[in-house]
Amino acid sequence: MGVKVATNREAQVREIVGAFDLSPASTVSGVAYGGAFAANPGGAMLDTFDPFTGEVLVHVRTASEQDVARAVADAEKAFVRWRTVPAPQRGEIVRRLGDGFRRRKEDLARLISLENGKILSEARGEVQEVIDICDLAVGQSRQLFGKEIASERRDHRLIEQWHPLGVVGIISAFNFPVAVPGWGWALALVCGDTIVWKPSSLTPLISIAAQKIFHDVTAGTDAEGVFSLVIGRGAAVGETLLADERVPLIQATGSCALGERVSAAVSKRSAKAILELGGNNAVVVLADADLSLAVRAVVFGAVGTAGQRCTSTRRLILQKPIAERFLERLTAAYQTVRIGDPLDAHTLMGPLISSDAVNDYREGLVEMQKQGGQVIYGGKVLDRKGGYFVEPTIVKSTVGMPIVREEVFAPILHVFAVDTIEEAIDLNNSVPQGLSSGLFTTSLTSAERWLSATGSDCGIANVNVGTSGAEIGGAFGGEKATGGGRQAGSDAWKGYMRRQTCTINYGSDLPLAQGVSFPVD
Ligand code: NAD
């Protein structure tokens with residue numbers, strides 16, 4: 001920290017934040033409601049940093065309790081109007097939002113790369129994910145269908161239908177600052193809900209830029225004011241949003257600890273939560289696998305996004321006959337990973353998000369070694385001009401190490417060797433989290449065993465595909481401590497609506513269900 005930023009970096013930062021009419025080191029509003037940014041939010045000041053240099057990017061004025069209350073009130077007002085707009089017309093607005101993100105894809109990707117530190121290719125992919133979910137939501141807006149169920153009563157019709165739910169509070173993590181909130185808002189909007197978004201306080205600039213896109217697209221339409229933004233710390237702004245009785249649904253993305261907090265707060269007031277929490281994902285490589293495929297998948301899963309994906313590969317389970325050979329190929333591949341400026345096209349691994357994240361990496365490694373882990377690749381914090389850089393790391397670990405059960409949010413891969421697929425499945429399933437998993441094999445029997453009811457217990461189970469890089473369309477989410485939420489496809493839209501069961505009597509009798517008799521005149 002504290003090293004002078006190179007002049008060309010200064011120009012680059014000016015250009016990237018300038019694309020959203022912001023200036024480096026300026027003070028900006030982190031609160032928006034009613035279709036505009038609040039002029040003078042009342043919360044504390046928050047700085048956001050360039051993880052490549054450790055320098056401050058901008059100062060953000062955060063939301064006070066009153067600002068959150070005002071944002072929710074405005075979102076509630078917008079909901080009363082928005083829920084009456086026919087769903088396909090709501091879909092038309094989401095189509096335009098998708099186009100808005102298409103138009104600003106490169107600008108937003110560069111800003112994501114700057115503030116979050118993920119490489120440009122992944123940042124572009126992240127914006128593409130927003131575009132893809134918008135496309136999905138547009139089609140969904142014509143498919144918010146219920147069911148007709150055969151009634152046991154003569155001249156009765158029994159149906160199930162779906163209505164808009166209300167104000168959705170979206171609490172999002174730093175590592176997917178636009179895609180994961182997008183999974184929520186794109187579907188929530190076509191479902192007729194409005195949004196109050198509390199992004200990570202580590203990536204406020206990205207959320208301000210996204211909010212500007214929302215304003216540009218929705219100004220003067222039925223959707224004006226459907227998005228509110230409240231930037232601020234979890235313990236302050238997040239807690240205020242969790243406690244607000246006017247918010248019937250919280251979509252929360254973050255650590256397992258966050259999930260516990262959200263569950264407690266929303267259940268106290270009988271609200272709903274969609275939880276997308278931490279992962280501790282394993283790849284299993286059997287002796288009959290295509291090793292080239294597996295090596296590439298493991299490197300992307302463990303090193304991509306500097307190990308800061310919920311789906312990052314954190315555990316590698318190798319069948320003994322190929323274990324040493326695989327590790328040789330893997331470490332050779334690790335050596336080719338270029339670490340550096342995430343905005344440079346040749347970089348494969350950028351910095352971690354913050355100095356705290358570097359400390360977590362350092363402390364995690366000390367603990368792993370104390371518990372018997374052996375570092376076989378990497379293991380060092382890198383001295384790079386104030387940036388938050390570490391080496392991607394491989395640790396030979398043992399099954400009983402308590403730290404293996406935790407998600408250390410850094411590019412650290414635990415390696416284990418096993419004899420059988422049964423042992424591999426048990427090991428895969430032995431952690432508290434249950435997000436993503438991948439098996440590499442050419443055996444149909446092993447693949448089907450992995451996908452069977454006695455196979456992987458994760459929400460995502462792949463064959464010859466790594467743990468990272470899910471596509472829009474399939475339901476995304478995990479079991480156990482990962483929270484059970486599902487988003488981004490399949491029937492995830494149902495989470496954003498309220499279900500209503502209706503019985504209609506078109507006869508002249510009043511028969512009761514289950515043959516109950518209750519004769520009154
Ligand atoms: P985090 O839990 O530190 O923070 C997530 C969000 O919760 C932030 O906006 C934060 O301000 C807010 N928050 C924190 N305490 C709060 C409180 N008491 N009340 C309300 N809000 C509060 O997570 P992070 O470091 O930003 O992101 C990394 C974590 O997110 C990892 O565990 C990762 O696996 C997980 N993640 C999960 C998914 C998924 O889909 N399953 C996706 C992305 C990230």
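Start with helix H7, residues 204–218: in this predicted model, H7 lies across strands E2 (31–33), E3, E9 and E10. Its direction relative to E10 is worth a look, since H7 runs at about 160° to that strand.

The strands under H7 belong to an open sheet of seven strands. Reading across, the order is E3-E2-E10-E9-E8-E11-E12, and the pairing is mixed. Strands of a sheet pair through backbone hydrogen bonds, either parallel or antiparallel. At the edges stand E3 (36–37) and E12 (272–276); each has a single partner strand, so one side of each is left without a neighbour in the sheet. Further in, E9 (residues 194–198) and E10 (residues 227–230) run parallel and are joined by three bridges. If you want a spot to zoom in on, try Trp197, whose bridge partner in E10 is Leu229.

Now for the pockets. The largest one holds about 1200 Å³ of space. It has 46 lining residues, and those closest to its centre are Ala173, Phe174, Ser200, Leu202 and Ile353. Which elements supply at least two residues each to this lining? They are strand E4 (45–49) and four helices, namely H6 (179–190), H8 (234–243), H9 (256–268) and H12 (355–370). H8 gives the largest share, with five residues. Sorted by class, the lining comes out as 22 nonpolar, 14 polar and 10 charged residues.

The second largest pocket has a volume of about 300 Å³. Among its 18 lining residues, Glu129, Phe176, Arg309, Gly469 and Ala470 are the closest to the centre. Two helices, H5 (120–140) and H6, are the elements that give two or more residues to this lining. H6 therefore turns up again here, having also supplied at least two residues to the lining of the largest pocket. The largest share in the second largest pocket comes from H5, with six residues. Here the classes split into eight nonpolar, four polar and six charged residues.

Next, the closed spaces. Rolling a probe the size of a water molecule over the atoms shows where empty space is left. The structure holds two cavities of 30 Å³ or more. About 50 Å³ lies in the largest cavity, and its lining is made up of Asn280, Arg314, Met368, Val404, Glu406, Val408, Ile412 and His414. That lining has four nonpolar, two polar and two charged residues.

The second largest cavity has a volume of about 30 Å³. Glu129, Trp183, Ala470, Glu471, Ile472, Phe476 and Ala488 line it. You have met Glu129 and Ala470 already, as residues close to the centre of the second largest pocket. What classes of residue make up the lining of this cavity? Five are nonpolar and two are charged, with no polar residues.

Last, the cysteines. A disulfide is a covalent bond between the sulfur atoms of two cysteines. How many disulfides does a search of the whole structure find? Zero. Take Cys310, which is in no disulfide: the nearest cysteine sulfur is that of Cys256, 11 Å away. Cys458 is in no disulfide either, and its nearest cysteine sulfur, that of Cys310, is 12 Å away. A disulfide needs the two sulfur atoms within 2.5 Å, which is why neither of those distances qualifies.

Key
Residues are numbered from 1 along each chain as its sequence is written. This is a predicted model: local features need pLDDT of at least 70, side-chain atom pairs count only at pLDDT 80 or more; totals for chains, interfaces and linings use all residues. Side-chain values use heavy atoms; hydrogens and water are left out. Two strands pair if DSSP finds at least two bridges between them. Contact means heavy atoms within 4.5 Å. Axes are lines fitted to C-alpha atoms, for helices over the stretch in contact, and angles run from 0 to 180 degrees between N-to-C directions. On a 1 Å grid over the protein atoms alone, a cavity is a set of points where a 1.4 Å probe fits but cannot get out, and a pocket is an open set with protein on both sides within 12 Å along at least five of seven lines; lining residues have an atom within 4 Å of a point. Grid points are joined across faces, edges and corners, and a volume is the space filled by probe spheres set on the points. Ala, Val, Leu, Ile, Met, Phe, Trp, Tyr, Cys and Pro count as nonpolar, Asp, Glu, Lys and Arg as charged, and the others, Gly among them, as polar.
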